[in-house]
Amino acid sequence: MRVCQIYVGHRRTFWHTEKNHKDSLYPIHYIHHRDETAPSFNYHKFDIHRYHSRVDGNTNVQNVLNMWHNRYLAFATAPEDHDVYVLMRYDIHIREKIDFSDYDYNDNIIYIPSDNDHGWGVNDQMVFGNREVIKKYVSIHTNHAQMFESNDEELFPWFHSESYSTRNLTRQGVNIQRIPQSTTIVYDKSELPVHLQNTSILKI
């Protein structure tokens, strides 16, 4: 079994979390990087305005759209010949070791840590599965507009990252399997958002 680890997002505290990842995740056969140096996607102002009409109060629309865009590109440019793909942030701490050979894989099962859910969706800091199911996961980049315009009563009425990503999976029949694992974003104290300064998140 060959495992491809795909990093997406800002490196931020990667100098601190990299050893934790190396110690916690195995086997890893290839590491694919797409970091903050990649150009952001320039969405038309209409797209931004449209989502602002029904946005969750803590959601930055531009950041969410760019995150989905970069995940999509990161996966699209990763090698295609691996059995398992791990899509994750640079700046997270992983509590327990994960042996990817312990899990069964098919086109409709995706594995996600069991904590750090937000809104009406599940943790989006780290996911893994086979190539086809990760392809479904990153398809939120192409599906979000249709989901927003949908009158589907099961779709949450406001724009929110984890909620949309989760609904995108369930709409495609994906079985979300939660694993007994915890991930925590590690912040540099100098870059810590005001609303997180008094919380119990990891700060270095």
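In this predicted model, the buried residues of helix α4 are R131, V133, I134, K136, Y137 and V138. Helix α4 spans residues 131-138, and because 6 of its 8 residues are buried, the helix is largely enclosed by the rest of the structure. The cover over these buried residues comes from several directions along the chain: it includes the helices α3 (61-77), α5 (140-149) and α6 (161-171), together with the strands β4 (84-89), β7 (109-113) and β8 (126-129). At the N-terminal end of α4, N130 acts as a cap, with a side-chain oxygen 3.2 Å from the backbone nitrogen of E132.

Stepping back from this helix, the protein chain holds 6 helices and 11 strands. Of its 204 residues, 48% count as buried. Among contacts with a separation of 6 or more, 78% join residues 24 or more positions apart. The protein chain exposes about 10,500 Å², and carbon and sulfur atoms supply 48% of that area.

Attention turns next to the nonpolar interior. In soluble globular proteins, nonpolar side chains tend to be buried together. Here the largest nonpolar core has 19 residues, and the members touching the most others are L25, V86, M88, I98, F100, M126 and F128. Strands β1 (3-9), β4, β5 (92-94), β7, β8 and β10 (183-187) each supply at least two residues of this core, and β4 gives the most, with 3 residues. M126 offers a good view of the surroundings: leaving aside residues up to four places away in sequence, M126 touches L25, V86, L87, M88, I92, I94, I98, F100, Y111, I112, P113 and T183. Apart from this core lies another, of 18 residues, whose members include A74, V122, V133 and I134. Two of these names, V133 and I134, are already familiar as buried residues of α4.

A polar neighbour is also worth a visit. Q125 lies in the loop between β7 and β8, and at 6% relative accessibility this residue counts as buried. The side chain of Q125 makes a polar contact of 2.8 Å with the side chain of T183. Not counting residues up to four places away in sequence, Q125 touches L87, M88, R89, I92, N116, T183, T184 and I185. T183 thus appears in the contacts of Q125 and also in those of M126.

Aromatic rings add another layer to the picture, with a count of 15 aromatic pairs. In one of them, the rings of Y111 and F128 have their centres 5.2 Å apart and their planes at 20°, so the pair is stacked. This pair links distant parts of the chain, since Y111 belongs to strand β7 and F128 to strand β8, 17 residues apart. Both partners are buried: Y111 has a relative accessible area of 8%, and F128 has one of 1%. Elsewhere, ring pairs link Y51, W68, F148, F159 and Y164 into a cluster. One member of that cluster, F148, also meets a charge, as the charged end of R54 sits over the ring of F148, 4.0 Å from its centre.

Definitions and conventions
Residues are numbered from 1 along each chain as its sequence is written. This is a predicted model: local features need pLDDT of at least 70, side-chain atom pairs count only at pLDDT 80 or more; totals for chains, interfaces and linings use all residues. Side-chain values use heavy atoms; hydrogens and water are left out. Buried means under 20% relative accessible area, exposed over 50%, partly exposed in between (1.4 Å probe, protein chains only). Helices (H or I, at least four residues) and strands (E, at least two) are DSSP runs, numbered from the N terminus. Contact means heavy atoms within 4.5 Å. A polar contact is a pair of N or O atoms within 3.5 Å; within protein, one must be able to donate a hydrogen and the other to accept it, and residues adjacent in sequence count only if both atoms are side-chain atoms. A nonpolar core is a set of buried Ala, Val, Leu, Ile, Met, Phe, Trp, Tyr and Cys residues joined through side-chain atoms within 4.5 Å. Accessible areas come from the Shrake-Rupley method with a 1.4 Å probe; for residues, only the protein chains shown count as cover. Rings of Phe, Tyr and Trp (its six-membered ring) pair if their centres lie within 6.5 Å; planes under 30 degrees apart count as stacked, over 60 as edge-to-face and the rest as tilted. A charge sits over a ring if NZ of Lys or CZ of Arg is within 6 Å of the ring centre and within 35 degrees of the ring normal.
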